[in-house]
Amino acid sequence: MAVEIDRLRNVGIVGHGGVGKTSLGEAMLFASGVMQRLGRVEEGNSVFDFEPEEVKHRVSISSAFHSLSWKKFSFTLVDTPGYATFLADTIHCMRGFGAAVFLMSPSTGLRVEAERLWARANESHMGRLIFISKMDREKANINEAIETIFNGLEAKGVHLQVPIGTEEGFKGVVDLCQMKAFVFEGDSGKFVQTDIPEELKKTAQEMRVQLMESVAETDDALLEKYLDAQELSSEELRQGIRGGVLRGKLFPILYGSATRLIGVPQLLDAIVDYLPSPVDEGEFQGKNPVTGEIEKRLPDPTGPLAAYVFKTIIDPFAGKLSVMRVISGRIATDMGLYNPNKQLKEKIGQMFKLEGKKQEVVREASAGEIVAAAKLKDVSSGDTLCEERAPIQFDGPPHFSPLISFALEPKTKADEEKVPQGLHRIMEEDPTIELHRDEETRDFILSGMGQQHVEIIVEKLKRKYGAEVILKAPKVPYKETIRGRASAQGKLKKQSGGRGQYGDTWLKIEPLPHGKGFEFVDEVVGGAIPRNYIPAVEKGVREAMAGGVLAGYPMVDVRVTLYDGSYHDVDSSDMAFKIAGSLGFKNAVEKAKPVILEPIMTLEVTVPDDCMGDVIGDLNSRRGKVLGMETKGHSQVIKARVPMSEVLKYAQDLRSITSGRGEFHMEFSHYEELPPHLAERVVKEAKARQAAGSLQEHKA
Ligand SMILES: Nc1nc2c(ncn2[C@@H]2O[C@H](COP(=O)(O)OP(=O)(O)OP(=O)(O)O)[C@@H](O)[C@H]2O)c(=O)[nH]1
Ligand SMILES: [Mg+2]
């Protein structure tokens, strides 16, 4: 039987890489009785990290789902990736769940990924609980570290519990609402409810007062009561906390250990008590695709159907699965629906609830639920599904530009075909990769969010689609532009025997401001070139720009003016003028001080204090510019700008400089002129590649 909507909880488990999210998800499944044994990331038997690449690398790469029921409430847990490379998937999935358990680690402090996720959660006013896991490893006195984290997030954390014991001796929590202790027996997950241990009584009293004050501050009625009575009842506190969480004003902090099964039932209780149901999340805003007007949908199972597809999975057995959040109404097998993004009708076939790598067939799903529909051919992540009579379209997902490109050489002739086919399937699941073909080398160029990302895609390509490639050194997406002005002629004249070819153009070129791309101006007067040939000239220029002049990289930010030329009554053609345009452009560029532009990245490196000097020294040796430094707990955050070509393998390098204790986040910033001595090298390499390419063509 379907569960009432206010008893649903769609809960994302989020936080920075390796903080313990998957382990916590496993602990929640075990504590609720869904799983008879505790899955462990270390042992490769986690229900959430089930993809072979996740098992092999011991990291979550893609979000995974599982449901559980707890005290007549029905949860869908979404275990998300936390490392920067895979964070796009987490951010996309945040559109599917409206509540989160945010894991934090006092000993590692606030990491860039967590900051990014927190900012996203703020945008959608997501209700959050904070869970400090790995308490079996945390040293005493973590309050200061927690405060530093919250200062960094500019948010207000409130303690709901006091941990009992530290490190090895951590054995439970004191609940400040109920003023009771929960003490766990070893690692069994079993616990007893007792009085607060004598040595914690005073602390608990003081912290309860702090909790009451924080809660009262978020609600005028409660504040009045509190000022009158100097006390709030357990129920008033509970209601007050819930209100504060739903309004995004309070972030309650809980403690536990996932691998030792401590504090987990208390977290499940807190999810029921404090995190929003889909009803609490309220309305979703979209646009009517016909009228363009803003429209709203309430989380109402009896309303018109609207669903948002936030993820696509290519399952080896079920095929393509479109994972969606039903926003309003009810979706059922055999229903005919409309996809406004593609302007196509769709028919719903089989539907599933996702349970780790398994799927459970369902025939319908209502507002608030997460469900996967199989084999919807034209539906991709970011699309809306709705009733045609009540059309609505929700905003698509944010776009992530790939950061790094590698060349892939198919291993055998058979792989030539399998590689692009397989990669296109993978791209349906993962919108952060891009693929194109290098015209010279015939290699595939695969762009992704980082080196590990690309390596994992290559592993997946082999496992799922049997396509093997050799991964070659990363490629830097250089560009070309000009710094000066020049004019030149481009002339094609072949008039020996048969029909000749004749086209003659005079072009002027000049630099445009950065980011302006390309402008073509036609200033031909007096019919020097007939009007109908002018588009062909422009086409020739565009093609020459795309192919680059100096080193084969696309040319940008140039204005080209066609101002004169001549033609021949019989021998002129579109083709002849296209070639003439291209020649003229190349001739002009050579005289207009062409330069190569290189991509510059913004880099944020978080390292322990003692590594800072080494990391900065290393950045300087990579032509980096340090923009600033900031202390966060026991870590330093260094912000810098570095040319992409210098940090293609930064993950590896940082690991060796910091013995694995550093983390970084990288984003594209802008293009800058490549210094002349380096430009020379890039041109030389390009010429060598071109020569090798044409040699291969000869052989073929
Ligand atoms: N001692 C201890 N170790 C833990 C705990 N939770 C997780 N770990 C360990 O921390 C490591 C990372 O745990 P995961 O659960 O994979 O962390 P994650 O946040 O899911 O990692 P990503 O998904 O890759 O970002 C593993 O070696 C776990 O065994 C805990 O409560 N106590
Ligand atoms: Mg994980």
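**View 1. The residues around ligand 1 in a predicted model.** Welcome to the surroundings of ligand 1: of its 20 residues, those that come nearest are Lys 21, Ser 23, Glu 42, Ser 60 and Asp 136. A residue counts as near a molecule or strand if one of its heavy atoms lies within 4 Å of it. The shell around ligand 1 divides into 5 nonpolar, 10 polar and 5 charged residues. Here Ala, Val, Leu, Ile, Met, Phe, Trp, Tyr, Cys and Pro count as nonpolar, Asp, Glu, Lys and Arg as charged, and the others, Gly among them, as polar. This is a predicted model, where local features need pLDDT of at least 70 and side-chain atom pairs count only at pLDDT 80 or more, while totals for chains, interfaces and linings use all residues. Residues are numbered from 1 along each chain as its sequence is written, chains are lettered from A and ligands numbered from 1 in the order in which they are written, and side-chain values use heavy atoms, leaving out hydrogens and water.

**View 2. Oxygen atoms of ligand 1 and their polar partners.** Look for Ser 23, where an N or O atom of the side chain is 2.6 Å from an oxygen atom of ligand 1. Polar backbone atoms take part too: one of Lys 134 is 3.1 Å from a ligand oxygen, and one of Ala 258 is 2.9 Å from a ligand oxygen. On its own, ligand 1 has 640 Å² of accessible area, and the protein covers 90% of this (Shrake-Rupley method, 1.4 Å probe; for residues, only the protein chains shown count as cover).

**View 3. Strand 11 and its two partners.** Strand 11 (residues 251–255) is largely enclosed by the rest of the structure, because 5 of its 5 residues are buried (under 20% relative accessible area, 1.4 Å probe, protein chains only). Strands (E, at least two residues) and helices (H or I, at least four) are DSSP runs, numbered from the N terminus. In a regular strand, side chains alternate between the two faces of the sheet. On one side of strand 11 sit Phe 251, Ile 253 and Tyr 255, and on the other Pro 252 and Leu 254, all buried. Strand 5 (residues 127–132) runs parallel to strand 11, joined by 3 bridges; strand 6 (residues 157–159) also pairs with strand 11 in the parallel sense, over 3 bridges. Pairing requires that DSSP finds at least two bridges between two strands. Find Ile 253, the bridge partner of Ile 130 and of His 159.

Definitions and conventions. Polar contact = N/O pair within 3.5 Å; in protein donor to acceptor, adjacent residues only side chain to side chain. Buried < 20%, exposed > 50% of the residue type's maximum accessible area, 1.4 Å probe, protein only.
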